[in-house]
Amino acid sequence: MIALPNDDHSCGWYQALPPAAPVTRLKGRQQADYAVLGAGFAGLAAARRLAELKPEARILLVDAQRVAEGASGRNSGFVIDLPHKFALEHPDPAHKQKLLGLNRAAIAQLQGLVERHDIDCQWSAVGKYQGAVGERGIAFLEHFEHLMKDLGEPYHWVEQAELGKVLGTGFYRKAIFTPGCYLMQPAALVRGMAEHLPGNVELLEQSAIRSLRREGNQWWLQGDNGEIQTPTLLLGTSIFTREFGYLKNRLLPVMTFASWTRPLTDDELTRYGGELNWGLTPADHAGTTLRMTADRRILIRNSYKHVPKYGASVSERMRQKIQADHRKAFLDRYPELAEVPFTHTWGGVYAISRNFTNFFGELEDGVFASACDNGVGAAWGTISGTLMADMAVGADSQLLRDIRQVTGMPSLNPPEPFLGMGVKSRIRLAKWQSRSEL
């Protein structure tokens, strides 16, 4: 039995959008030259690229939910150019330069779509801060500086007083600013791209695929009210790739959570005293991500959970506890805004691997996948989806050669219940070690 996405319905980014257009669902027997499963960053990019390469082909893009309801519409709104977290620690400089080039190709692609289609998604090239609260965080920043020097990328230190003028809080002692990150409203960006797909791409939403089967050189995708026959299937399904039997014991489902406020009033904005439209990620990876959006909302993101049943693993009691943790982080930073409520608290599930390796390639004849983004879905999903389409049609490029060189096979996980016990213990330890940075 396929376990489907089971996301909460309180994602602030999605709820801030205007009502979606009427839905088109999978019905009856359909034939397609290409079927793309999953309409997030990877699936949208794959379908668009296929349409460019094969303008006469019929391409079906299928999602179990509405576009932007899933993980791609639930992140914190960063599109980061730098190799992320553990990838930045890679010993081979050429490996990191390839990642940098792939991420920047994705950013250029997204910016081109935003400009061409006038997508209203708060897209902005404002860079990002990496912030530290105490000595532990500062030690991470000093290590980050060393990595940036090795990479040859620009950065500069921001001291507490200057940083407070931007963030509206003196909570952070120091930060390093890097200029290559873009900020956006993720649900608005994803929906905007879906609304401007090429004419030979047909989007089918709320159309869960329950099973796959192969007959000869054809794949059959079985839904509740219809089926699709295609010779070529592209999976942009991230953690849900394992539900179809692929990479089954190699992907770990992790959910991270965010809360945000309503837009600040003029009086509250004056008391806040900082700038609009910035983003801060924690120097300590288990710390707190902080955003002030262009429309005056403060977003707090921390808390990680192992979710073997995806959204069904999260109880209302757990969500309330997470919101209380977010509230404490908010009040630590903005006590003068204590009366400003959170309006939404939500989670988003993604795939990580124990060896922090992204999968990209052909799973078997006619089935291609980009899975396991290790928490950097916007840029990685965009470029890997694009290059997955190139791979599926036999195209070649330097970027395709690069992505093949920097990806591999996620390592095998231990069996349950040892896997769950180990992941939960690791998350608890990281939270305890990083408690001063939360």
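This section describes the nonpolar cores, one helix pair and the surroundings of selected residues in a predicted model.

The largest nonpolar core comprises 58 residues. Within this core, the residues with the most contacts are Ile 59, Val 79, Trp 123, Leu 189 and Leu 234. The element that contributes most to the core is helix 9, spanning residues 377-393, which supplies 9 residues. A second core, separate from this one, contains 33 residues, including Leu 60, Phe 257, Val 307 and Ile 322. Ile 59, listed among the residues with the most contacts inside the largest core, is in contact with Tyr 34, Val 36, Ala 47, Leu 50, Ala 51, Asn 200, Val 201 and Glu 202 when neighbours within four places in sequence are left aside.

Helix 9 also packs against helix 3, which covers residues 93-117. The axes of the two helices are 8 Å apart and form an angle of about 90°. Because angles of 65 to 115 degrees fall in that class, helix 3 is roughly perpendicular to helix 9. From helix 3, the contact involves Leu 99, Leu 102, Asn 103, Ala 105, Ala 106, Gln 109 and Leu 110. Their counterparts in helix 9 are Ala 378, Ala 379, Trp 380, Thr 382, Ile 383, Thr 386 and Leu 387. Sorted by class, the residues of this contact are 10 nonpolar and 4 polar, with no charged residues.

Ala 392 is another residue of helix 9. Its relative accessible area is 17%, so Ala 392 is buried, the limit being under 20%. Outside its neighbours within four places in sequence, Ala 392 is in contact with Thr 232, Leu 234 and Phe 368. Of these, Leu 234 is 158 residues from Ala 392 in sequence, yet the two C-alpha atoms are 7.9 Å apart in space. Leu 234 is also one of the residues with the most contacts inside the largest core.

Gln 111 is located in helix 3. With a relative accessibility of 22%, Gln 111 counts as partly exposed. The side chain of Gln 111 is joined to that of Glu 115 by a polar contact of 2.9 Å. Beyond four places in sequence, Gln 111 is in contact with Trp 123 and Tyr 182. Trp 123 is 12 residues from Gln 111 along the sequence, and their C-alpha atoms are 7.9 Å apart. Trp 123, like Leu 234, appears among the residues with the most contacts inside the largest core.

Ser 124 is situated in the loop between helix 3 and strand 5 (128-132). Its relative accessibility is 12%, and Ser 124 therefore counts as buried. Residues up to four places away in sequence not being counted, Ser 124 touches Cys 181, Tyr 182, Leu 183 and Asn 277. With Asn 277 there is a polar contact between the two side chains, at 3.0 Å. Tyr 182 is thus a contact of Ser 124 and also a contact of Gln 111.

Ala 329 belongs to helix 8, residues 316-333. At 3% relative accessibility, Ala 329 is classed as buried. Apart from residues up to four places away in sequence, Ala 329 touches Ile 300, Asn 302 and Leu 438. The C-alpha atom of Ala 329 is separated by 9.2 Å from that of Arg 301, which is 28 residues away along the chain.

Arg 354 occupies the loop between strand 18 (342-352) and strand 19 (359-364). A relative accessible area of 47% places Arg 354 in the partly exposed class. Leaving aside neighbours within four places in sequence, Arg 354 is in contact with Leu 252, Ser 411, Leu 412, Asn 413 and Pro 414. Between Arg 354 and Ser 411 the C-alpha distance is 6.1 Å, at a sequence separation of 57 residues. A polar atom of the Arg 354 side chain lies 2.5 Å from the backbone oxygen of Leu 412.

Positive phi values occur at two loop residues that are not glycine. Ser 238, with phi of about 45°, is in the loop between strand 13 (233-235) and strand 14 (252-261). Arg 296, with phi near 75°, is in the loop between strand 16 (289-292) and strand 17 (298-306). The relative accessible area of Arg 296 is 25%, and the residue is partly exposed.

Technical notes: Residues numbered from 1 in each chain as written. Predicted model: local features only at pLDDT ≥ 70, side-chain atom pairs only at ≥ 80, totals over all residues. Heavy atoms only, no water. Helix = DSSP H or I, 4+ residues; strand = E, 2+ residues; numbered from the N terminus. Buried < 20%, exposed > 50% of the residue type's maximum accessible area, 1.4 Å probe, protein only. Contact = heavy atoms within 4.5 Å. Polar contact = N/O pair within 3.5 Å; in protein donor to acceptor, adjacent residues only side chain to side chain. Core = buried A, V, L, I, M, F, W, Y, C linked by side-chain atoms within 4.5 Å. Axes fitted to C-alpha atoms, helices over the stretch in contact; angles between N-to-C directions. Parallel < 35°, antiparallel > 145°, perpendicular 65-115°, else oblique. Nonpolar A, V, L, I, M, F, W, Y, C, P; charged D, E, K, R; others polar.
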